Amino acid sequence: MAKYLPGKTEKFTFGLWTVGNIGRDPFGGPVREQLTPPQIVDLLGSVGGVYGVNFHDNDLVPIDVSPAKRAQIIKDFKKALADNNLQVPMATTNLFGDPAFKDGAFTSGDSRVRAYALQKTMAAMDLGAEFGASTYVFWGGREGAESDAGKDPAEGFKRFREALNFLCEYSMSQNYNYRFALESKPNEPRGHIYLATTGNMLAFIETLDYPEMVGVNPEVAHETMAGLNFTHHVAQALDAGKLFHIDLNDQEPGRYDQDFRFGAANIKQAFFLVKLLTDHNYTGSLHFDAHAYRTEDYDGVREFARGCMRTYMILKEKAQQFNANKEIQALRAQINVTDAKLDALVSGFSPVAAAELKKTKFNRQALGARGLPYERLDQLTMELLLGVK
């Protein structure tokens, strides 16, 4: 067991809302008592190996709390963080829970709601900065529609853009140095959520006034809900230099947002994700936005937290074994044929390159007839994951 215990260098984080989840669902009430934020921090401290804890504004400070109570909450939380040697790398705003946001926050059709959403977010950014958060996540949980009869979606995108531009300037004016990370989701709790995928978010970012300040926070469950390959979306974010944060959990395609323990549903997909992050030297936080099963008490929640981190550590070792395995790498070399001359020609246009390509003769039949050993390679990957390779 000790072999896969994480250290702080892995930057594993959990949210107050994840380990503090009380097990309520649409069909049943709570099964665990509500813990205070300091108690949640103590629980994470007892797990071992956790780097940090993240929060929505109202996870920490209730929405209608008095100034005196707010000050006491912050004082107690800071003490718990210090006692357990935990950081706050990321903060975010709850713009989906309060009834005021039932038809969106930044994209609401009511200008009063949009203004309130900005006010609430600025206050939440102040709170996150007080704890040293450097990443600020935006999940538009109510930014969308069940019916497009009432709002123009193009106007919704415009309003979302205006809000982010405003908040980028607010961050700069306060010298917060936040990196903003946009989190997509196709549906739930809205029937249809605007900017439904990581690719949508990446395209949207380029329309902002300060695109260099804004990246993405992809979540396993959200892309998988729509039947998409999450690893490919993370790869696109890496390629764009926009992977500012990542939410790890697990999900079965076509289901509601399950937020399972990382690796609990699709171990091969989890492996390829960890391999991608490892191969590309991702150094940001690894945030587990997941919940323990409703069957568990708080001892089970500790096992859930340990399991998330342990699975990641095991898969990281498996990725290293994959990269070092001679048979696997020989098969990859057989699939990925390198021709230095052709690679040079296609790497960038020039009249000379275009002319050379036009006169190059290719054996199309031979290219089509060449066998690519994916069956053997995938089987070896499975055997490695199953511990027999």
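**Exercise 1: Phe-166**

Phe-166 is partly exposed, its relative accessibility coming out at 41%; work out where this residue sits and what Phe-166 touches.

*Solution.* A quick word on the model before we start. It's a predicted one, so local features need pLDDT of at least 70 and side-chain atom pairs count only at pLDDT 80 or more, while totals for chains, interfaces and linings use all residues. Residues are numbered from 1 along each chain as its sequence is written, and side-chain values use heavy atoms, with hydrogens and water left out.

- Step 1: place the residue. Phe-166 belongs to helix H6 (helices are DSSP runs of H or I with at least four residues, strands are E runs of at least two, and both are numbered from the N terminus).
- Step 2: read the exposure label. Phe-166 gets "partly exposed" because 41% falls between the cut-offs (buried is under 20% relative accessible area, exposed is over 50%, with a 1.4 Å probe and protein chains only).
- Step 3: list the neighbours. Skipping residues up to four places away in sequence, Phe-166 touches Leu-118 and Met-122 (contact is heavy atoms within 4.5 Å).
- Step 4: check a distance. Ile-205 is 39 residues from Phe-166 along the chain, and their C-alpha atoms are 14 Å apart.

**Exercise 2: Three salt bridges**

Take the pairs Lys-158 with Glu-155, Asp-257 with Lys-185, and Glu-327 with Arg-376, and say where each partner sits and whether it is buried or partly exposed.

*Solution.* The structure has 22 salt bridges in total (a side-chain nitrogen of Lys or Arg within 4 Å of a carboxyl oxygen of Asp or Glu).

- Step 1: the pair within a helix. The closest N and O atoms of Lys-158 and Glu-155 are 3.9 Å apart. Both residues are in helix H6 (residues 153–173), with their positions three residues apart, about one turn of the helix. An α-helix has 3.6 residues a turn, so residues three or four places apart point the same way. Lys-158 is partly exposed at 35%, and Glu-155 is partly exposed at 28%.
- Step 2: the loop-to-loop pair. Asp-257 and Lys-185 come to 2.8 Å, N to O. This pair ties together distant parts of the chain, 72 residues apart: Asp-257 is in the loop between strand S9 (247–248) and helix H10 (267–279), and Lys-185 is in the loop between strand S6 (179–183) and strand S7 (192–193). Asp-257 is buried at 15%, and Lys-185 is buried at 3%.
- Step 3: the helix-to-helix pair. For Glu-327 and Arg-376 the closest N and O atoms are 2.9 Å apart. Glu-327 is in helix H12 (residues 326–335) and Arg-376 in helix H16 (residues 374–385), so to speak a long-distance link, 49 residues apart. Glu-327 is partly exposed at 32%, and Arg-376 is partly exposed at 38%.
- Step 4: a network. Salt bridges also link Asp-103, Glu-146, Lys-151 and Arg-190.

**Exercise 3: Helix H12**

Which residues of H12 are buried, and what covers them?

*Solution.*

- Step 1: pick out the buried set. In H12 these are Ile-328, Leu-331 and Ile-335.
- Step 2: look down the axis. The buried residues of H12 fit within an arc of 65 degrees, so they line one face of the helix (the arc is that of the directions from the helix axis to the C-beta atoms).
- Step 3: find the cover. It includes helix H11 (298–324) and H16.
- Step 4: check the N-terminal end. Asn-325 caps H12 there, with a side-chain oxygen 3.1 Å from the backbone nitrogen of Glu-327 (a polar contact is a pair of N or O atoms within 3.5 Å; within protein, one must be able to donate a hydrogen and the other to accept it, and residues adjacent in sequence count only if both atoms are side-chain atoms).

**Exercise 4: Thr-92 and Gln-39**

Which backbone atoms do the side chains of Thr-92 and Gln-39 reach?

*Solution.*

- Step 1: Thr-92. This residue is in strand S3 (residues 90–92) and is buried, at 5%. The Thr-92 side chain gets to the backbone oxygen of Val-137 at 2.6 Å. Beyond four places in sequence, the contacts of Thr-92 include Phe-55, His-56, Ala-124 and Val-137.
- Step 2: Gln-39. You'll find Gln-39 in helix H2 (residues 37–47), partly exposed at 39%. Its side chain reaches the backbone nitrogen of Thr-36 at 2.8 Å.
- Step 3: a C-alpha check. Between Gln-39 and Gly-128 there are 19 Å in space, with the two 89 residues apart in sequence.
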